[in-house]
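Subject: Structure handover

Dear colleague,

I am passing on the structure below, followed by notes on what was found in it. Please read the notes with the model open.

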Amino acid sequence: MSRKNIDIDDNEIRIITSKSGNGNSTPPRRLYYAVACAAVAIAAFVLVLFMSSDDAAESEELTVTQEAAAPIDTATVVKKGYVEITDTVVGDVPLVILTPRDATPQLHIGIDVLQAPEVVMAVQAADIRSDNGGIVGAYVVEGNLVSKGQAKSGFCAIIDGNITIGVADATPFFEKAIESNGYFFRQYPLVVGNQLVENKPKGRSLRKALAEWNGIPVVVLSRSRLTFHDFAQTLVDLGVANAIYLVGAEAFGFAVDSEGNKTEFGKEAPSPKVSTNYIIWR
């Protein structure tokens, strides 16, 4: 007795397969599983490669960013001052020209400034009285009137960091120095308007001058002993527009060049007991 295909006894197992149109059997189900797993594995591998590539790109980009130099803000760069030291000969007179660069001029009373590391040049400025050790002539420091009197017609005013050299018995620069917390002192005039100025002292000595040369302030030292007249004439021949005297002879001073080398001039040790004063650049 025949049975229908759908009737299966409890102790029977039926294997069901599908047939294609040509009668061949299709691959078993586990083959599909294998193909699916392989596809998933390939997709995962590709994804990992893609992510690794992105990470590498990010890492490379980060490295470049870290190595890139930060832009320099030139407004915050502080230039270190120095003095340009030039030896020259005018006629037969050997001179040293000291030109401050990137430094601010000031006046100072006391020898302690000679040890200040930021000072790149110091030269004695106003003369000292022989009777009481005070300063000769009007002298203003940071707007404070330290000494009164005219004594000499030459003057130097430092206002807002700018030096003015001139000759006048009375000048508004004196009041301006006081009002603007500036500086002022008097000395012998040597040159005014490119013209020599005669002075009474006639002896010979090593000379120093604060001068306006090529539109900038410089200090000029003589290497030989000269009279006031000869020194002033040498300054005129150099092309100096205006100049006043600075304490000469063996008065001590120094200048520091761009390499940090310190050049000293003068041998006379300054005394702390008198009003030894300096024009300095720092």
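A residue is called exposed when its relative accessible area is over 50%, and buried when that value is under 20%. By that cut-off Asp 92 is exposed, because its relative accessible area is 69%. Asp 92 sits in the loop that links E1 and E2. Its C-alpha is 9.4 Å from that of Thr 234, although 142 residues separate Asp 92 and Thr 234 in sequence. Please keep in mind throughout that this is a predicted model.

Overall composition

The protein contains three helices and 17 strands. It has 282 residues, and 37% of them count as buried. The exposed surface of the protein comes to about 17300 Å², with 54% of it supplied by carbon and sulfur atoms. Among contacts with a separation of 6 or more, 65% are between residues 24 or more positions apart.

The sheet around E9

One open sheet has five strands in the order E6-E5-E9-E7-E8, and the pairing is antiparallel. Its edges are strand E6 (144-147) and strand E8 (162-167); each has a single partner strand, so one side of each lacks a neighbour in the sheet. On average, neighbouring strands here are turned by 25 degrees against each other, direction ignored. Helix H2 (residues 172-179) packs on this sheet and touches E5, E6, strand E7 (154-159), E8 and E9. The direction of H2 makes about 30 degrees with that of E7.

Strand E9 (residues 183-187) pairs with strand E5 (residues 139-141) in the antiparallel sense, over two bridges. E9 also runs antiparallel to E7, to which five bridges join it. Phe 185 of E9 appears in both pairings: Tyr 139 stands opposite Phe 185, and Phe 185 is also the bridge partner of Cys 156.

In a regular strand, side chains alternate between the two faces of the sheet. Which residues of E9 are buried on each side? Tyr 183, Phe 185 and Gln 187 are buried on one side, and Phe 184 and Arg 186 are buried on the other. Both faces of E9 are therefore covered, since buried means under 20% relative accessible area. Five of the five residues in E9 are buried.

The sheet around E4 and E17

Another open sheet of five strands has the order E3-E17-E4-E15-E16, again with antiparallel pairing. Strand E3 (105-109) and E16 are at the edges with a single partner strand each, so one side of each is left without a neighbour in the sheet. From one strand to the next, the twist averages 25 degrees. Within this sheet, strand E4 (residues 121-124) and strand E17 (residues 277-281) run antiparallel and are joined by four bridges. Gln 124 has Tyr 278 in E17 as its bridge partner.

The loop between E16 and E17 holds Gly 266. Gly 266 counts as partly exposed, because its relative accessibility is 27%. Leaving aside residues up to four places away in sequence, Gly 266 touches Glu 250, Ala 251 and Phe 252. The C-alpha atoms of Gly 266 and Gly 253 are 6.4 Å apart, and the two residues are 13 apart in sequence.

The largest pocket

The largest pocket has a volume of about 280 Å³. It is lined by 17 residues, and those closest to its centre are Val 96, Leu 221, Ser 222, Arg 223 and Phe 265. Strand E1 (82-90), strand E2 (93-101), strand E13 (216-222) and strand E16 (262-265) each contribute at least two residues to the lining. Which strand gives the largest share of that lining? The strand is E16, with three residues. E16 is thus described here twice: as an edge strand of its sheet, and as a source of pocket lining.

Regards

Conventions:
Residues numbered from 1 in each chain as written. Predicted model: local features only at pLDDT ≥ 70, side-chain atom pairs only at ≥ 80, totals over all residues. Heavy atoms only, no water. Buried < 20%, exposed > 50% of the residue type's maximum accessible area, 1.4 Å probe, protein only. Contact = heavy atoms within 4.5 Å. Areas by Shrake-Rupley, 256 points an atom, 1.4 Å probe, with all protein chains shown as cover. Pairing = 2+ DSSP bridges. Axes fitted to C-alpha atoms, helices over the stretch in contact; angles between N-to-C directions. 1 Å grid on protein atoms, 1.4 Å probe; cavity = no way out; pocket = protein on both sides within 12 Å on 5 of 7 lines; lining within 4 Å. Points joined across faces, edges and corners; volume = space filled by probe spheres on them.
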